[in-house]
Amino acid sequence: GMCVGRQADYIIETEFGTFDGKFMEVYFGNGNILGGNMFFFNSADVTDGRADVRLMRCKGGFDTIPYVSALLKNDQQYLNKKTISGRSSFIKIRTVDGKPMSCNHDGELKRGSNRWEAHIVKGGLKFVVPKGTVYK
């Protein structure tokens, strides 16, 4: 899932820490690419029971251009330097002021709540891998 929009004050809990402050975008997922052309990570592992997390602090407006450019160019070095990232089996997000947030949950916009949380269920999906395919 990805929370996007006007920058707001959030408290975000993950396995690798709790973060507060203003965030423009929060990514929690088991995939490297979002929307077919935005590279949030290059190392997603759908078998380990953890998701990749990327927290982007920026003011919005023109300040988002370098971030979006890095996502489109797959510039992981820039993203790793300018964002908070890690791996976690869960994420909990809440707004400090209690106002509702918007989240993109697998392509569906969810609105109306001031809290959002997700958990990875290790082994929750079974994958069919064609014979002869190399799969890590």
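A residue is called buried when its relative accessible area is under 20%. By this criterion, six of the six residues of strand β5 are buried in the predicted model, and β5 is therefore largely enclosed by the rest of the structure. The enclosure concerns both faces of β5. On one side, A51, V53 and L55 are buried; on the other side, D52, R54 and M56 are buried as well.

The pairing of β5 (51-56) was examined next. Strand β5 pairs with β2 in the antiparallel sense, over five bridges, and within this pairing E25 stands opposite M56. Strand β5 also pairs with β6, which comprises residues 84-88. This second pairing is likewise antiparallel and extends over five bridges, with D52 standing opposite R87 of β6.

A contrasting pattern of burial is found in β7. In a regular strand, the side chains alternate between the two faces of the sheet. Along β7, I91, I93 and T95 point to one face and are buried, whereas F90, K92 and R94 point to the other face and are not buried. Strand β7 is joined to β10 by five bridges, and the two strands run antiparallel. In this arrangement, E117 of β10 is the bridge partner of K92.

Two of the buried residues of β7 reappear in the analysis of the nonpolar cores. The largest nonpolar core contains 16 residues, of which I12, I91 and I93 touch the most other members. At least two residues of this core are supplied by each of β1 (2-14), β2 (17-29), β5 (51-56), β7 (90-95), β8 (101-105) and β10 (115-119). The greatest contribution to this core comes from β2, which gives four residues. Another core, of 12 residues, lies apart from the largest one; M38, M56, A70 and L79 are among its members. M56, which belongs to this other core, is also the residue of β5 that stands opposite E25.

Finally, the backbone at N74 was considered. Most residues other than glycine have a negative phi. N74, although it is not a glycine, has a positive phi of about 60°. This residue lies in the loop between α1 (65-73) and α2 (76-82). Its relative accessible area is 25%; because buried residues have values under 20% and exposed residues values over 50%, N74 is classed as partly exposed.

Technical notes. Residues are numbered from 1 along each chain as its sequence is written. This is a predicted model: local features need pLDDT of at least 70, side-chain atom pairs count only at pLDDT 80 or more; totals for chains, interfaces and linings use all residues. Side-chain values use heavy atoms; hydrogens and water are left out. Buried means under 20% relative accessible area, exposed over 50%, partly exposed in between (1.4 Å probe, protein chains only). A nonpolar core is a set of buried Ala, Val, Leu, Ile, Met, Phe, Trp, Tyr and Cys residues joined through side-chain atoms within 4.5 Å. Two strands pair if DSSP finds at least two bridges between them.
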